[in-house]
Amino acid sequence: MAITSSDSMNPKTSFQALILTLHQFWAEQGCVILQPYDMEVGAGTFHPATTLRALGPKHWRAAYVQPSRRPKDGRYGENPNRLQHYYQYQVIMKPSPANLQDLYLKSLFAIGIDPALHDIRFVEDDWESPTLGAWGLGWECWCDGMEVSQFTYFQQVAGFECSPVAGELTYGLERLAMYVQGVENVYDLNFNGLEGEDKITYGDVFLQAEQEYSRHNFEAANTDTLARHFKDAEAECKALLDFGNKGEGRHLMALPAYDQCIKASHLFNLLDARGVISVTERQSYIFRVRELAKACGEAWLKTEGGGA
Amino acid sequence: MPDLLLELFSEEIPARMQRRAAEDLKSLVTSALVERGCTYEAALAFATPRRLALHIVGLPAHQPDVKEEKKGPRVGAPQQAIEGFLKGAGLTDLSQATIQSDPKKGDFYIAIVESKGKPTKDVIADLLPNIIKSFPWPKSMRWGKLSAEVGALRWVRPLHSILCTFGSETETPEIVSFDVEGIKSGDITYGHRFLAPAPIHVRRYDDYVAKLESAKVVLSTDRRKEIIANDARGLAFAQGLEVVEDDTLLEEVAGLVEWPVVLMGSFEERFLDIPPEVIRATIRANQKCFVLRKAGSHELANRFLLTSNMIAKDDGATIINGNQRVVRARLSDAKFFWETDLKIKLEDRLEKLKNITFHAKLGTQHERVERLVTLAKELAPIVKADASKAARAAILCKADLVSEMVGEFPEVQGLMGRYYAARQGEDASVAAALEEHYKPQGPSDVVPKDAVSITVALADKLDTLVGFWSIDEKPTGSKDPYALRRAALGVVRLLLENNVRLALKAHHIDESLLAFFHDRLKVYLRDQGQRHDLIDAVLASGQTDDLLMIVKRVEALDAFLASDDGTNLLAGFRRAANILKAEEKKDGKSYNEAVDLHLIKEKGEAEEKVLAEVLDVATRHAIEHVAIENFAGAMKALAALRPAVDAFFDKILVNADDKDIRANRLRLLASFREATRAVADFSAIAG
């Protein structure tokens with residue numbers, strides 16, 4: 001079977017082409033196209049390119065795919081819509097440009113969603129991340145009644161006012177691709193845009209992983225180890241923050257410290273999925289991660305990247 | 001007279017905030033204008049997802065001139081004071097001031113300061129920036145480059161442009177120009193985001209509305225609602241269906257579109273196995289769609305109505321298709337939850353309630369259920385409910401909180417409990433109580449009638465109130481985060497509308513909480529048109545514990561006072577009370593002591609003998625009637641006093657010369673006063 005570049009590069013028939021199209025689009029808007037952060041995170045927002053770069057006066061534009069892990073959302077590969085590992089496409093622009101809504105709509109057009117055929121709506125949704133000490137105002141973006149993106153003007157991150165404010169876009173890539181490809185089950189998504197024996201589906205790539213990780217998240221992960229690792233990450237984060245803090249001068253270790261904060265957050269999510277966290281403990285875990293995030297944000301603001 | 005047109009064009013305003021914001025804009029601008037002397041004939045405010053608009057009709061072209069008197073120092077005051085006065089009043093010489101004489105203060109200077117009214121247009125340009133900058137959005141934000149600056153403009157979402165024109169119908173209106181943090185006002189607006197995005201020049205309200213309409217924007221929320229409601233009914237009717245009306249949803253949907261286009265979608269018949277309330281909740285909460293039922297029936301149809309904001313090239317086929325996909329996915333989830341939930345018995349869910357905190361200081365839902373069971377057993381005999389059924393219902397009443405379905409749709413709590421209970425073969429009253437114990441949820445909600453439901457509903461609300469009272473979380477002012485007022489009103493309605501007598505104090509209700517119940521009772525009775533003072537009169541007589549009895553007394557008192565006997569007896573009571581008040585004050589003692597009947601027999605006048613005798617009989621009768629809760633009878637017994645009381649005041653001089661006779665007559669009046677207290681304290685009745 002002949003492989004034509006138009007099949008594999010069509011965002012309406014290929015999952016990877018959807019990503020490449022978004023890369024192309026946002027690169028044209030002056031975003032640096034980054035690669036995923038090399039750690040387990042719950043959402044694209046956790047990437048330091050968003051969390052930390054949203055702080056401080058420096059202008060910043062970036063776009064990247066971020067694999068996101070939500071251990072509790074695992075369904076052993078049996079639910080057509082829920083995954084414990086999925087992709088978010090993340091765009092951050094600081095300061096938020098005046099035409100950000102238009103840019104977003106153009107990006108939808110680029111991936112094959114023609115506003116003349118669809119019903120695209122911005123429906124109130126105030127975003128808040130208790131673990132990051134962050135909040136913003138914005139919308140869920142609806143396409144024909146389906147939430148396809150999250151649009152947020154960051155007001156506060158890590159407990160600090162954003163100055164200037166960054167605009168953040170998060171596309172749920174699988175959901176968007178399912179809609180564009182007209183597929184009802186995520187595992188049926190065409191990943192590479194080819195047909196016949198050359199076709200590779202989302203299921204080919206991820207089904208086994210969903211099954212194995214669901215077992216891991218719900219049944220196997222050793223909760224004592226997780227709890228211990230949480231404490232270790234928390235302690236390490238604080239130690240690195242102390243190490244990098246040279247009093248009045250710049251902070252020397254905001255990024256490595258923040259890695260430990262990310263780690264703690266993911267360990268908490270795993271503990272939560274294992275069902276060993278009570279309601280009151282939950283609050284206290286969230287509080288502990290938030291304290292780390294705040295301290296890292298404070299340190300970042302004392303680095304060159306943070307504008308110090 | 002000139003009109004003002006103002007439009008604030010922004011990114012999408014949350015639907016729930018639009019109406020209030022339009023009203024706020026109207027009241028802020030009109031009151032600022034009136035404050036500056038610019039009165040107006042009428043004002044209209046509008047909101048769409050992307051704009052707030054205000055039209056003020058009949059403003060003056062100029063602010064009226066104002067004359068103001070400024071009082072200065074007295075004549076001959078130190079030079080410094082005089083100079084200060086001149087400067088403050090804008091005068092150059094003292095000769096420009098006049099001298100006024102005051103009989104007490106002597107002569108002093110007065111300056112008449114005249115300020116010319118400014119053109120209204122300038123007044124508007126002056127006041128709008130501040131109103132915009134301090135607009136009372138429930139939540140507002142900063143954006144863009146300017147957000148880094150101190151005092152950056154805040155708006156509900158980024159504000160893009162301001163349109164502001166002023167002028168009369170006979171001339172071309174002018175732009176009212178001002179600048180709010182870099183946004184300059186003008187005469188331009190924009191139409192529908194997709195259907196007519198080009199800039200539009202506007203002169204005044206008339207062409208504004210018309211041009212928006214042709215640019216696919218319906219300015220008025222009420223008109224958008226009307227269009228949606230009418231189109232929805234029309235589409236339904238054509239299919240032999242009826243819309244399940246939902247005004248809250250209609251209001252929200254009207255706030256999500258500028259150009260409503262109603263479309264019908266469908267879902268597979270097999271989803272109709274799911275309880276209809278769940279189907280509705282799913283489709284409503286996630287999709288903001290209306291559900292439909294077969295005409296003249298309660299059965300849902302496998303259709304729904306969505307309101308899009310688009311006239312699509314394919315007449316909406318793609319939009320319908322997309323919405324159906326989402327509805328299908330959501331209903332698949334709901335069906336899965338429903339089927340999964342049915343596999344677990346309600347009683348097997350109780351253990352999980354230990355993980356749900358009711359309130360940090362009041363323990364878990366599990367502990368709460370234990371309290372409800374105890375309370376339900378206590379209350380069952382009072383409500384005349386089957387105690388074992390009431391206890392069973394109390395045990396199960398929170399179990400659905402840990403079901404999958406309620407986890408996903410909290411608004412079907414209680415209802416799901418009922419469905420699951422019915423499916424697992426619980427008694428019908430028990431199943432109903434699982435839903436009904438949350439009721440009534442407010443003044444217009446239905447009050448349960450089944451004794452088991454009443455019992456658990458009372459237990460639920462009393463436990464909540466006693467609990468929050470014990471940790472001192474009482475409502476204050478407008479703050480009532482735990483809806484305790486609603487709970488107390490619920491108790492009031494459960495007791496009164498079901499004729500339940502409950503001695504509140506016997507159920508851990510202290511004086512402060514009792515007073516809270518009395519407040520709710522007053523509000524409730526006032527809403528029913530009952531006189532406020534009569535409630536106070538009954539409460540003041542010491543009847544406070546049993547709400548049903550309080551109300552019965554109020555009703556009897558009300559009927560009595562409406563009669564001739566009642567009015568006269570009240571007049572007699574007042575006369576007696578006034579005399580007693582004066583004399584008791586003068587003598588520094590109370591006459592609430594036994595009447596010396598012997599003295600009356602020996603030396604009394606005929607009228608006082610009669611009163612003493614009648615009083616004895618009437619008091620006894622009144623008390624007897626009160627004992628059997630026949631308050632009308634008690635009032636009737638008191639009415640018998642009237643001729644004797646009238647005759648007494650007619651013929652008898654209370655302040656007799658004989659000291660003993662005087663004291664005894666006062667005692668007689670005091671016992672009359674006391675007799676009326678059998679039902680209520682007449683002194684609390686308003687004149």
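Q: Why is D144(A) called buried?
A: Count its neighbours: D144(A) has 26 other C-beta atoms within 10 Å. A residue is buried if 20 or more other C-beta atoms lie within 10 Å of its own, exposed if 12 or fewer, and partly exposed in between, with C-beta atoms placed from the backbone. So 26 puts D144(A) in the buried class. By the way, this is a predicted model: local features need pLDDT of at least 70, side-chain atom pairs count only at pLDDT 80 or more, and totals for chains, interfaces and linings use all residues. Residues are numbered from 1 along each chain as its sequence is written, while chains are lettered from A and ligands numbered from 1 in the order in which they are written.

Q: What makes the phi of D144(A) worth pointing out?
A: Its phi is positive, about 50 degrees, although D144(A) is not a glycine. You'll find D144(A) in the loop between β6 and β7 of chain A; strands are DSSP runs of E with at least two residues, helices are runs of H or I with at least four, and both are numbered from the N terminus.

Q: Is D315(B) buried or exposed, and how do you know?
A: D315(B) has 11 other C-beta atoms within 10 Å. The limit for exposed is 12 or fewer, so D315(B) is exposed. D315(B) also has a positive phi, near 60 degrees, and is not a glycine. Look for D315(B) in the loop between β16 (300-308) and α8 (317-342) of chain B.

Q: How do you know that chains A and B are in contact?
A: Two residues are in contact if their C-beta atoms, placed from the backbone, lie within 7 Å. By that test, 30 residues of chain A are in contact with 32 residues of chain B. On the chain A side, β4 (120-124), β6 (134-143) and β7 (146-157) each supply at least two residues, and β4(A) gives the most, with four.

Q: What makes V456(B) stand out in the largest nonpolar core?
A: Of the 271 residues in this core, V456(B) and C296(A) touch the most other members. A nonpolar core is a set of buried Ala, Val, Leu, Ile, Met, Phe, Trp, Tyr and Cys residues joined through C-beta atoms within 7 Å. Leaving aside neighbours within four places in sequence, V456(B) has contacts including L372(B), A376(B), C397(B) and H437(B).

Q: Why is the peptide bond from S163(A) to P164(A) called cis?
A: Omega is near 0 degrees for this bond. P164(A) sits in the loop between β8 (160-161) and β9 (167-172) of chain A.
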